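Open your viewer, have the selection box ready, and follow along stop by stop. Each stop says what to pick and what is there.

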Amino acid sequence: IIAGYKYTNQNPFVEIEIIAPTNESKGIFEHEYEKQYLAISAQGVKDQMSRSLKELADDEIPKPAYQKVNNSSIAMIIRTNDKSLLMTGDCMATDMYNYITQKLNKSKEDPLSIDIMKLSHHGSRYNINNDLLDIVDCDKYLITTNGGAGNANHPDRQTIAKILKREGRRDKHIEICLNYSRKDEMA
C-alpha cells in the first residue's frame, strides 16, 4: 500500500485513502530501524516540563534520523457517511502535509475537515508540526499510548501545546482523548 491508493465500499459506505507512506519512505527494513534508532533522553522530558505551553507551541522540532523508519508506516483518511478520521500511524507531519496540500489541494484557507485525528507516534513532538495542524480542521484528537515506557513518556507537552494553540482560529472546543489515565499534570 502506498500514498494515493483508495478503497471504496458502497454498502455500507466507507472510503479509505492512503496518504502515506510515500515511494521515498517505503521499504525501510527492521535492521535499518535498529541502526538508526536514537534513544530519547529522560532529561529532554524534564526540560519540557519547565517550559510554558506557549513556548513549547512555537518550538521548531528537528527531525531525528530514526524517524525515517516510523515514516514508512501507513497513514490514511477514513470516511463514512457521517464521520471522517485521519489515522496517522507513526508518519512524519511533512509527508502528511505534502499529500494533503498537493493531492487534496487543501490549505489554511480551505483545510481538510476531519472529525477525529489520531496523532502520530503516540503524540511525539517529532511527528507533528504547526503546518500540518494549520491545514487540518479538527476538534477531537486521539492519543494512543501507554504513557511512555522507558525514556519517551508520550505524549510530549509540545504536541499538546501545538494543538491547543490552534484553538484560537476555531469556534469549537478542542478535545484531546487519551486511552489511559495520566497521573502527572500536563499543563
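Residues with under 20% relative accessible area count as buried, those over 50% as exposed, and those in between as partly exposed. By that rule Glu-175, at 37%, is partly exposed. Keep in mind throughout that this is a predicted model.

**Whole chain**

Start with everything shown and colour by secondary structure: the chain has seven helices and nine strands. Buried residues account for 43% of its 187 residues. The accessible surface comes to about 10,100 Å², and carbon and sulfur atoms hold 50% of that. If you draw contacts with a separation of 6 or more, 72% of them join residues 24 or more positions apart.

Now colour by pLDDT. The chain mean is 76, and 65% of the residues reach 70 or more. Select residues 36-43, where pLDDT stays under 50; the model has 14 contacts beyond four places in sequence for this stretch. Where pLDDT is low, the predicted coordinates should not be read in detail.

**The nonpolar core**

Next, select Met-117, Leu-132, Val-136 and Tyr-141. These have the most contacts inside the largest nonpolar core, which has 26 residues. Among the elements that give two or more residues to this core are strand E2 (13-20), strand E3 (75-80), helix H5 (93-102) and helix H7 (157-165). Which element gives the most? That is H5, with four residues.

Zoom in on Leu-132. Beyond its neighbours within four places in sequence, Leu-132 is in contact with Ala-93, Met-96, Tyr-97, Ile-100 and Met-117. As background, nonpolar side chains in soluble globular proteins tend to be buried together.

**A lysine in helix H7**

Select Lys-162 in helix H7. Is Lys-162 buried or exposed? Its relative accessibility is 2%, so Lys-162 counts as buried. Add Asn-129 to the selection: its C-alpha atom is 7.4 Å from that of Lys-162, although their positions lie 33 residues apart along the chain.

**Salt bridges**

A search of the whole structure turns up five salt bridges. Show Arg-79 and Glu-17 as sticks, where the closest N and O atoms are 3.4 Å apart. This pair links distant parts of the chain, with Arg-79 in strand E3 and Glu-17 in strand E2, 62 residues apart. The two partners fall in separate classes: Arg-79 is partly exposed at 22%, whereas Glu-17 is buried at 3%. Add Glu-15 as well, and you have a network of salt bridges linking Glu-15, Glu-17 and Arg-79.

Move on to Lys-140 and Glu-175, whose side chains meet in a salt bridge at 3.9 Å, N to O. Lys-140 belongs to strand E8 and Glu-175 to strand E9 (residues 175-178), so this bridge ties together parts that are 35 residues apart in sequence. Lys-140 has 29% relative accessibility and is therefore partly exposed.

One more pair to select is Asp-110 and Lys-106, with the closest N and O atoms 3.5 Å apart. Asp-110 is partly exposed at 40%, and Lys-106 is partly exposed at 22%.

**A nonpolar surface patch**

For the last stop, switch on the surface and select Ile-1, Tyr-5, Tyr-7 and Ile-74. They form a nonpolar patch there, with about 400 Å² of accessible area together. Within the patch, click on Tyr-5, which sits in the segment before strand E1 (6-10). Its relative accessibility is 44%, so Tyr-5 counts as partly exposed.

How values were computed
Residues numbered from 1 in each chain as written. Predicted model: local features only at pLDDT ≥ 70, side-chain atom pairs only at ≥ 80, totals over all residues. Heavy atoms only, no water. Patch = residues over 30% accessible without salt bridge, like charges linked within 9 Å, V, L, I, M, F, W, Y side chains within 5 Å. Areas by Shrake-Rupley, 256 points an atom, 1.4 Å probe, with all protein chains shown as cover. Salt bridge = Lys/Arg side-chain N within 4 Å of Asp/Glu carboxyl O. Buried < 20%, exposed > 50% of the residue type's maximum accessible area, 1.4 Å probe, protein only. Core = buried A, V, L, I, M, F, W, Y, C linked by side-chain atoms within 4.5 Å. Contact = heavy atoms within 4.5 Å. pLDDT = per-residue confidence, 0-100.
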